[in-house]
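Here are a few exercises to work through with the model open in your viewer. Try each task before you read the solution.

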Amino acid sequence: MKIVIVCYPTFGGSGVLATELGLYLSKKGYEIHFITYKQPVRIQNLTPNLHFHEVHVPNYDLFKYQPYELALSSKMVDVVIKYKIDLLHVHYAIPHAYAAYMSKKMLADEGISIPMITTLHGTDITLVGSHPFYKKAVQFTINHSEYVTAVSKSLKEDTERLFDISNDIKVIPNFVDIKKIKYRNVPCEKGQIAPDDQMIITHISNFRPLKRIIDILKTFKIISEQLNVKLLMVGDGPEKERAKRFCKAHQMEDKVLFLGRSNEIDEILCFSDLFLLPSEQESFGLAALEAMVHSVPVVCSDVGGLPEVIEDGLSGYLCPLGDIKAMAEKAIYILEDPDRHQQFKKQAYNSSEKFDIEKVVIQYEELYKEALQNK
Ligand code: GMT
């Protein structure tokens, strides 16, 4: 089967998920064609089954905003025709579902009928998509995709609450490739970051306001008053400078390391002792799941799809949104007792197993087959 995958090529969860899906399917014999504006960060080598087509948007002075979706839909048409593609799978509704719908229409003009699957990831619905400026277009493309999937029950419910949806939304959770992570044999060298007796707390995100970065620092500050800990802040984004100022003002600079965007997530999680995710909204929390595969318990806010991923009291704790004290207490409870910490670590890994790629991707494959049968 030949599939076009459209996604964001960046470190964000939707792009990571789409890339891991394409990589895995290509190894299973599918011919995968990524279409996006840059080679996705997690793709190192292209193979005969793994192609990448870059979308170029020529700059023209007349335009205040360059029309990316126009270039994307044209590129989709070209790739579908040239490689005889069977199916379009777009990740993140904006503007990918819109561009895919347009390319379907253009292809229909050429006598080609191709099904399209849209996977909703979170902010494309809850934050950006439901904004009145975009809502009509997002709703239209969700309703005109042959199949729509959401990465959690919570996101499906949010979509049905925020939009007038006539299509059935199937929940297919995010996943992790446990074997790939376990057998990658990455060096686990905590020594470069912290002494042996210091515990590592980690946060990974795009540092957008909804990640509540200052909550992380405030929570960490309380923990550090009782335990010998260091905080690793991985990623980059608009809240980073504010976070750095907070650390300076509170004399925390020696205990908080900002590592920036990193391709060494496995290496960092390997020696992490706890993961903090106090987000205001999180449709799934892929970063938390990646932490769990590395046996890192998660303390997070009780919002969105997080309760579907983190088992309260087992793989970590779900705390009321913004409750810094509760998060710090739970973190201290997990970390202060080595036996208890070990127990949480084991349970975090066990909880991640149900999201293994081998168990989840079958659901996408079934959907692909159904889409082709009903073409
Ligand atoms: O978290 C972000 O802001 C990035 C965003 C994205 O589209 O890459 O993440 C969303 O999709 C991820 C993959 O499905 C989910 O794990 C994240 O929970 C979701 N983010 C939000 O809902 C805020």
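**Exercise 1.** Work out the handedness with which H11 passes H14, then describe how the two helices meet.

*Solution.* In this predicted model, the crossing of H11 past H14 is left-handed. Next, get the geometry: the axes of H11 (residues 286-293) and H14 (residues 338-352) come within 7 Å and cross at roughly 120°. Angles from 65 to 115 degrees count as roughly perpendicular and those over 145 as roughly antiparallel, so H11 and H14 are oblique to each other. Now pick out who touches whom: H11 brings Leu289, Met292 and Val293, while H14 brings Ala348, Tyr349, Ser351 and Ser352. Sorted by class, that's 5 nonpolar and 2 polar residues, with no charged ones.

**Exercise 2.** Do the same for H8 and H13: which residues make the contact?

*Solution.* Start with the axes: H8 (residues 213-226) and H13 (residues 324-336) come within 9 Å and cross at roughly 45°. That makes the pair oblique, and H8 passes H13 in a right-handed crossing. On the H8 side you'll find Asp215, Lys218, Thr219, Ile222, Ile223 and Gln226; on the H13 side, Ile324, Lys325, Met327, Ala328, Ala331 and Ile332. The class tally for this contact is 7 nonpolar, 2 polar and 3 charged.

**Exercise 3.** Which of the 18 residues around the ligand come nearest, and where do ligand oxygens meet polar atoms of Gly13, Asn174 and Gly285?

*Solution.* First, the nearest ones are Ser14, His121, Asn206, Lys211 and Glu282. Then the oxygens: one lies 2.9 Å from a polar backbone atom of Gly13. For Asn174, the partner is a side-chain N or O atom, at 2.8 Å from a ligand oxygen. With Gly285 we're back to a polar backbone atom, 3.0 Å from an oxygen of the ligand.

Key: Residues numbered from 1 in each chain as written. Predicted model: local features only at pLDDT ≥ 70, side-chain atom pairs only at ≥ 80, totals over all residues. Heavy atoms only, no water. Axes fitted to C-alpha atoms, helices over the stretch in contact; angles between N-to-C directions. Helix = DSSP H or I, 4+ residues; strand = E, 2+ residues; numbered from the N terminus. Parallel < 35°, antiparallel > 145°, perpendicular 65-115°, else oblique. Left-handed = near helix turned anticlockwise from the far one by under 90°. Contact = heavy atoms within 4.5 Å. Nonpolar A, V, L, I, M, F, W, Y, C, P; charged D, E, K, R; others polar. Near = heavy atom within 4 Å. Polar contact = N/O pair within 3.5 Å; in protein donor to acceptor, adjacent residues only side chain to side chain.
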